[in-house]
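Q: Hi, I'm new to this one. Could you walk me through how its parts fit together?

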Amino acid sequence: KVRLDDEICEMQVKKWEEAVSNDMQKKERLRQRLLKRKEAHDKVLALSKPLKQLNKTQLKALVSWKKRDGDDKIPDNIIQLIKRYKETYQREDLCIPTITTVSEEVVDVLKDS
């Protein structure tokens with residue numbers, strides 16, 4: 001069994017902590033974007049208006065919540081927005097990820113190895 005020098009071990013732990021921190025920040029940004037899209041979507045639905053009475057911004061809020069990776073970009077034309085919504089409104093809602101933190105125990109285990 002090889003024991004790592006304390007300095008090398010500390011350097012590895014710092015690299016790992018940075019990677020975890022960057023990953024968590026990326027996930028949190030995604031989570032916030034999704035929450036914002038969901039909130040905008042829900043506000044428009046709460047209006048209980050027919051699609052033809054919604055403006056472009058409201059239609060985009062509906063369409064963007066149901067957009068998935070691989071879909072074409074969101075159209076700018078109101079008619080195309082209504083068409084896209086009708087094509088996608090039955091999709092399940094996106095799953096908004098929860099963010100968990102790394103426990104101190106994991107860091108301690110890495111330091112001790």
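**Helix packing and a pocket**

A: Happy to! Helix 2 and helix 3 cross in a left-handed way. Keep in mind that this is a predicted model.

Q: Which residues make that contact between helix 2 and helix 3?

A: On the helix 2 side they are Lys-56, Leu-59, Lys-60, Leu-62, Val-63 and Lys-66. Helix 3 brings Ile-78, Leu-81, Ile-82, Arg-84, Tyr-85 and Thr-88.

Q: And what is the mix by class, nonpolar, polar and charged?

A: The contact of helix 2 with helix 3 has seven nonpolar residues, one polar and four charged.

Q: At what angle do the axes of those two cross?

A: Roughly 30 degrees, and the axes come within 9 Å. Helix 2 covers residues 56–66 and helix 3 covers residues 78–88. Since angles under 35 degrees count as roughly parallel, helix 2 is therefore roughly parallel to helix 3.

Q: OK, now helix 1. How far apart are the axes of helix 1 and helix 2?

A: They are 8 Å apart, and the two helices pack at an angle of about 130 degrees. That makes helix 1, residues 6–46, oblique to helix 2.

Q: Is that crossing left-handed or right-handed?

A: Helix 1 and helix 2 have a left-handed crossing.

Q: Who's touching whom there?

A: From helix 1 you have Leu-34, Arg-37, Lys-38, Ala-40, His-41, Val-44 and Leu-45. From helix 2 come Gln-58, Ala-61, Leu-62, Ser-64, Trp-65 and Lys-66. Sorted by class, the contact of helix 1 with helix 2 holds seven nonpolar, three polar and three charged residues.

Q: Switching topic: what volume does the largest pocket have?

A: About 200 Å³.

Q: Which residues line the largest pocket?

A: The lining consists of Leu-30, Arg-33, Leu-34, Arg-37, Lys-67, Arg-68, Asp-69 and Leu-94. Leu-34 and Arg-37 may ring a bell, as they also take part in the contact of helix 1 with helix 2.

Q: How many of the lining residues are charged?

A: Five are charged, three are nonpolar, and no polar residue is in the lining of the largest pocket.

How values were computed. Residues numbered from 1 in each chain as written. Predicted model: local features only at pLDDT ≥ 70, side-chain atom pairs only at ≥ 80, totals over all residues. Heavy atoms only, no water. Axes fitted to C-alpha atoms, helices over the stretch in contact; angles between N-to-C directions. Helix = DSSP H or I, 4+ residues; strand = E, 2+ residues; numbered from the N terminus. Parallel < 35°, antiparallel > 145°, perpendicular 65-115°, else oblique. Left-handed = near helix turned anticlockwise from the far one by under 90°. Contact = heavy atoms within 4.5 Å. Nonpolar A, V, L, I, M, F, W, Y, C, P; charged D, E, K, R; others polar. 1 Å grid on protein atoms, 1.4 Å probe; cavity = no way out; pocket = protein on both sides within 12 Å on 5 of 7 lines; lining within 4 Å. Points joined across faces, edges and corners; volume = space filled by probe spheres on them.
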